[in-house]
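Dear colleague,

I am passing on the structure we spoke about, and my notes on it follow below.

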Amino acid sequence: MKHIRPITLRVIRDSLSLAASGCTFEEFRSKASFTENRAREVVFQLVNMGLLSIRDDELFLTDTGRALLKAFERESFEEIHEILLKYEPYRMLYHLLKRKKCTYAQIFEQTGFNPVIVDTLVRLMQKAGVNVVKDDKGYFYIERSEDEVEYELFVDLLRKEYRSLLKNSRYARYVEIPALRRRMQKKLRISALAFDNLFRKFVKEAVAKGFVTLSPAPKSVMRGRGVIISGRHYYFIYMR
């Protein structure tokens, strides 16, 4: 399980296409323009993943391989991810990073995967549409959607991070929304989009109660760095 060869989603797709009608190893190597060592490496990996089988020196797609090839043809990344989850190393790392953030060392402790294996699996996940992130401290994690975050927890942490940022703010009682977003993304392991959607919900409720005031961005600030609510671009927030 720990002997994983470097491979990309494109190589998997192209290799399955070449072997779809059955072919010998040499025919596969020639069509793919691989060296013999690289061809053996790719075939070994695809067999290990349960996508190829070998009978009398001929390569054939397994049922899983055929299903994956069809998913490629449909460009259905959700299906591609679901099929790759049948591969144990992919599944192990996915569920680990879904639960918590980990460094290379922590992943190795829990799975035995070295950095080359981790990077290979992470690239496969990312190409399959999984939002795997590596932060500036070297932690890997899978971003959670807004539906996976308890709203009350979001609000409590938002207020806490606001007070923390306020201590060093250059703008009196106001805090920069982008700074607040970055803090919340790291703490909750959520995407910028998830933060913005939850933040808009919070603002709608808080403004109605008079708890929050928003301020537009200065002209020197790019529009994309703040948050747009009801067609207006805001950059600062003040909480009472």
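**Surface, shape and cores**

The chain exposes about 13,400 Å², and carbon and sulfur atoms supply 49% of that area (Shrake-Rupley method, 1.4 Å probe). Please bear in mind that this is a predicted model, in which local features need pLDDT of at least 70 and side-chain atom pairs count only at pLDDT 80 or more, while totals for chains, interfaces and linings use all residues. Residues are numbered from 1 along each chain as its sequence is written, and side-chain values use heavy atoms, with hydrogens and water left out.

As for shape, the radius of gyration of the chain, taken over C-alpha atoms, is 24 Å, whereas a compact globule of 240 residues would have one near 18 Å (the rule being 2.2 Å times the number of residues to the power 0.38). Along the principal axes, the C-alpha atoms fill a box of roughly 75 × 40 × 30 Å.

Of the 240 residues, 44% count as buried, meaning under 20% relative accessible area with a 1.4 Å probe and protein chains only. The largest nonpolar core (buried Ala, Val, Leu, Ile, Met, Phe, Trp, Tyr and Cys residues joined through side-chain atoms within 4.5 Å) has 48 residues, and Ile107 is among those with the most contacts inside it. Leaving aside residues up to four places away in sequence, Ile107 touches Leu93, Leu96, Leu97, Cys102, Gly112, Phe113, Val118 and Phe140, a contact being heavy atoms within 4.5 Å. A second, separate core has 30 residues, including Tyr162, Ile177, Met184 and Ala206.

With best wishes

Conventions: Buried < 20%, exposed > 50% of the residue type's maximum accessible area, 1.4 Å probe, protein only.
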